[in-house]
Amino acid sequence: MSQFVYPVDIISQDTSYYFKEFTTKNHKDFVKVILNENKDALDMFINNLVQELCVGDINVPLLTSIDKLYILLTVRAYGISPEIVLVTETDDEEKLKVSIPVNINDILDAIRSLNLEHGFTVTDGNMTIKGSLPKKMFFDDAFDVICSTVRYIEFNNQEIDLINMSLSEKIHVLNTLPSFVFPKIIETLQAQEAKMKATPIISLDTDKQLVTQKEVFISLFNGTIAEIIKLMFKADLREFYNNEYTLIRRFKFSYDHISNITPAEVGMYCDIISKDMEREKKAAEEREHNQGTGIPMAPPASS
């Protein structure tokens, strides 16, 4: 069956895959996971979502947290809107609400402009360790970071691939590494972290003083990548149910159809309904006014 697909860049691999549309069901489930505030569930959901939406056979365990951020921002731009309106307050006595539009494509460009080194190699001549930027978004300690970065260990013409190992297996292998490895990996990651701290990926365009920072930076270690993802997809869960009720009642949509179209399409239908209801309301008010004043009603237009 033919379907609409669009390219999504995997920046750590300098390649791209085609993705299917992000549906309303995907979005509603995502919102539920976000509201649940469980880090492991969020990480699992994101991995499964990327796998589900990708048309090709993408190797999700190889994706870095930066890859996942970039993928989900692209998915949001296509499936919901290329713009998000961030709402904050002024930093004064009045505490006025301020709505600031942010273009998703500008964020994508800013991430690319960081010019990160997505992979690394550490060696002492006898042993070589290869890895990437962290794949997880939350960490308990520095050792947890290392477990999320190391991919290969080459020693005595043998290669150990850690990608499909369990966490306990990775810990066992990494505990056998010589002492020079961990400081070198942390040093490499900190160099990339410095690039992220130097360039914001979101800049709020306003002259007003805000209670929040006007520039948003990402980090490999402190969970900001996950917080940005949550910010981009968070929505009022009640609105999903209101929209479903309206579309089913007004347009006789099936629940399955609503679930399988994009949030952007649901928004368009709801906007059409809102304008249609406003026209009907004005027409009813006009008829009531004309009846009250005795003005003859115009006959309905012939089809």
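Trainee: Which element gives the largest share of the lining of the largest cavity?

Mentor: In this predicted model, that share comes from helix 7, which supplies 3 residues. Helix 7 spans residues 181-198, and strand 5, at 119-123, likewise supplies at least two residues of the lining. The lining as a whole is made up of Glu 117, His 118, Gly 119, Phe 120, Ser 132, Leu 133, Thr 188, Leu 189 and Gln 192.

Trainee: What makes this space a cavity and not a pocket?

Mentor: The term cavity applies because a 1.4 Å probe fits at its points but cannot get out, whereas a pocket is an open set. The structure holds 1 cavity of 30 Å³ or more, and the space in the largest cavity comes to about 30 Å³.

Trainee: How do the residues of that lining divide into nonpolar, polar and charged?

Mentor: They divide into 3 nonpolar, 5 polar and 1 charged. Phe and Leu count as nonpolar and Glu as charged, while Gly is among those counted as polar, so Phe 120, Leu 133 and Leu 189 fall in the nonpolar class and Glu 117 in the charged one.

Trainee: Why is Val 55 called partly exposed?

Mentor: Val 55 has a relative accessibility of 49%, and since exposed requires over 50% and buried under 20%, this value falls in between. Val 55 sits in the loop between helix 2 (39-53) and helix 3 (65-79), and together with Val 5 and Tyr 18 it makes a nonpolar surface patch of about 260 Å².

Trainee: What makes Val 55 eligible for such a patch?

Mentor: A patch residue needs over 30% relative accessible area, and Val is one of the nonpolar side chains that may be joined; the 49% of Val 55 therefore passes that cut-off.

Trainee: Why is Asn 156 placed in one exposure class and Lys 95 in another?

Mentor: Asn 156 has a relative accessible area of 56% and is therefore exposed, the cut-off being over 50%, whereas Lys 95, at 39%, is partly exposed. Asn 156 lies in the loop between strand 7 and strand 8 (158-161), and Lys 95 in the loop between strand 3 (83-89) and strand 4 (97-103). Neither is a glycine, yet Lys 95 has a positive phi of about 50° and Asn 156 one of about 55°.

Trainee: How do you know that Tyr 152 is not buried?

Mentor: Buried means under 20%, and Tyr 152, in strand 7 (residues 150-155), has a relative accessible area of 21%, so it counts as partly exposed.

Terms used
Residues are numbered from 1 along each chain as its sequence is written. This is a predicted model: local features need pLDDT of at least 70, side-chain atom pairs count only at pLDDT 80 or more; totals for chains, interfaces and linings use all residues. Side-chain values use heavy atoms; hydrogens and water are left out. On a 1 Å grid over the protein atoms alone, a cavity is a set of points where a 1.4 Å probe fits but cannot get out, and a pocket is an open set with protein on both sides within 12 Å along at least five of seven lines; lining residues have an atom within 4 Å of a point. Grid points are joined across faces, edges and corners, and a volume is the space filled by probe spheres set on the points. Helices (H or I, at least four residues) and strands (E, at least two) are DSSP runs, numbered from the N terminus. Patches are made of residues with over 30% relative accessible area and no salt bridge: like charges are joined within 9 Å, nonpolar side chains (Val, Leu, Ile, Met, Phe, Trp, Tyr) within 5 Å. Accessible areas come from the Shrake-Rupley method with a 1.4 Å probe; for residues, only the protein chains shown count as cover. A salt bridge is a side-chain nitrogen of Lys or Arg within 4 Å of a carboxyl oxygen of Asp or Glu. Buried means under 20% relative accessible area, exposed over 50%, partly exposed in between (1.4 Å probe, protein chains only).
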